[in-house]
Amino acid sequence: MKRNIVIAAVTAAALIGGGTATALATTGDDGDSARQTANTRLSNDAHDDREDRDDRGDRGDDAERAASTDVTAPEAIASALKHTSGTVVSAELDDEDDSDKVVWKVDVLSGDDTWHSVSVDPSDGRVLGSQTDDEDDSAQVRAALKGSSVTAEEAAKAAAGKGVVTSVDLDDDGKAKSWETETRTSGGAERDWKVDLNTGKITADRSDDTDDRD
């Protein structure tokens, strides 16, 4: 009888010990999971912070490069038109082939409805090259510009009072057609503006502000 009591006690101790071990193991797993989750969150937050810093750095680099160019948007447009006659539909200060070299890319629609992309050196206004593009919206562009009196060059000049113009582009969608321009201040702030095709009046692009809030 005493032997049975001892065996029962040992068995109970084993069960209790096993239960305790299991509980400890479970508690250990929960702790590891919590620590892993916390580490993952910290890693994600750090990654997001790095991306935010990279984005701010890219904007700063773009603003610095834009401010350091000797050739303005109107001058780049004039240079492109000397090389290729036609109607300028857009001009943008952009990286060339995803490199660090920045050039003006000016899109010109010639009289025979051929699109030309003209690269202009931002330091001296030289035309670096030109290539034809296969676009099919010539009729839409000409319809948008029909009867207008403000050119892309004039729109860029109008926006120059707001900062360094880094792009000008025809917005031919919807009823309120206009020139869209982008400027950057010396502090790196970026703003978008609309320039009326007939009056040259410049107004802030409120749709862009809405997109930024969203």
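So, long-range contacts: in this chain, residues 24 or more positions apart account for 45% of the contacts with a separation of 6 or more. Contact here means heavy atoms within 4.5 Å. Quick note before I go on: this is a predicted model, where local features need pLDDT of at least 70, side-chain atom pairs count only at pLDDT 80 or more, and totals for chains, interfaces and linings use all residues. Residues are numbered from 1 along each chain as its sequence is written, and side-chain values use heavy atoms, with hydrogens and water left out.

Okay, the layout. We've got 5 helices and 8 strands. These are DSSP runs, numbered from the N terminus: helices are H or I with at least four residues, strands are E with at least two. If you walk along the sequence, you meet them in the pattern α-α-β-β-β-β-α-α-β-β-β-β-α.

How much of the chain is buried? Out of 214 residues, 29% count as buried. Buried means under 20% relative accessible area, exposed means over 50%, and partly exposed is in between, with a 1.4 Å probe and protein chains only. As for the outside, the chain exposes about 13,300 Å², and carbon and sulfur atoms supply 48% of that. Those areas come from the Shrake-Rupley method with a 1.4 Å probe; for residues, only the protein chains shown count as cover.

Now for the inside. The largest nonpolar core has 31 residues, and those with the most contacts inside it are Trp104, Val106, Val120, Val141, Leu170 and Trp179. By nonpolar core I mean a set of buried Ala, Val, Leu, Ile, Met, Phe, Trp, Tyr and Cys residues joined through side-chain atoms within 4.5 Å. Which elements give two or more residues to this core? They are α2 (73-83), β1, β2, β3, α3 (138-145), α4 (152-159) and β5. The largest share, 5 residues, comes from β2.

Let's look at α2. Its buried residues include Ala73, Pro74, Ala76, Ile77, Ser79 and Ala80. What covers the buried residues of α2 includes β1, β2, β3, β4 (127-133), α4 and β5.

Next, have a look at helix α3, with two residues side by side in sequence. Val141 sits in this helix, and Val141 counts as buried because its relative accessibility is 3%. Leaving aside neighbours within four places in sequence, Val141 is in contact with Val89, Leu109, Trp115, Leu170 and Asp172. Val141 and Leu109 are 32 residues apart along the chain, with 9.0 Å between their C-alpha atoms.

Then there's Arg142, also in α3. Is Arg142 buried or partly exposed? At 33% relative accessibility, Arg142 counts as partly exposed. Beyond four places in sequence, Arg142 touches Leu109, Ser110, Gly111 and Asp113. C-alpha to C-alpha, Arg142 and Leu109 are 9.2 Å apart in space, with their positions 33 residues apart in sequence.

That brings us to Asp113, in the loop between β2 (102-109) and β3 (115-120). Asp113 is partly exposed, because its relative accessible area is 37%. The phi of Asp113 is near 65°, a positive value in a residue other than glycine. For background, most residues other than glycine have a negative phi.

Over to the strands. Ser90 is in strand β1 (residues 87-95), and Ser90 counts as buried because its relative accessibility is 11%. Not counting residues up to four places away, Ser90 touches Lys105, Val106, Asp107, Val168 and Asp169. Ser130 is in β4, and Ser130 is partly exposed, with a relative accessible area of 37%. Past four places in sequence, Ser130 is in contact with His83, Thr84, His116, Ser117 and Val118.

Asp171 belongs to strand β5 (residues 164-171). With a relative accessible area of 14%, Asp171 is buried. A polar atom of the Asp171 side chain lies 3.3 Å from the backbone nitrogen of Asp173. Outside its neighbours up to four places away, Asp171 touches Ala176, Lys177, Ser178, Glu180 and Lys194.

Last topic, rings. How many aromatic pairs does a search of the whole structure find? It finds 0. A pair would need rings of Phe, Tyr or Trp (its six-membered ring) with centres within 6.5 Å. There is a charge over a ring, though: Arg191 lies over the face of Trp193, at 4.9 Å from the ring centre. The rule there is NZ of Lys or CZ of Arg within 6 Å of the ring centre and within 35 degrees of the ring normal.

Methods. Phe/Tyr/Trp six-rings, centres within 6.5 Å; stacked < 30°, edge-to-face > 60°. Polar contact = N/O pair within 3.5 Å; in protein donor to acceptor, adjacent residues only side chain to side chain.
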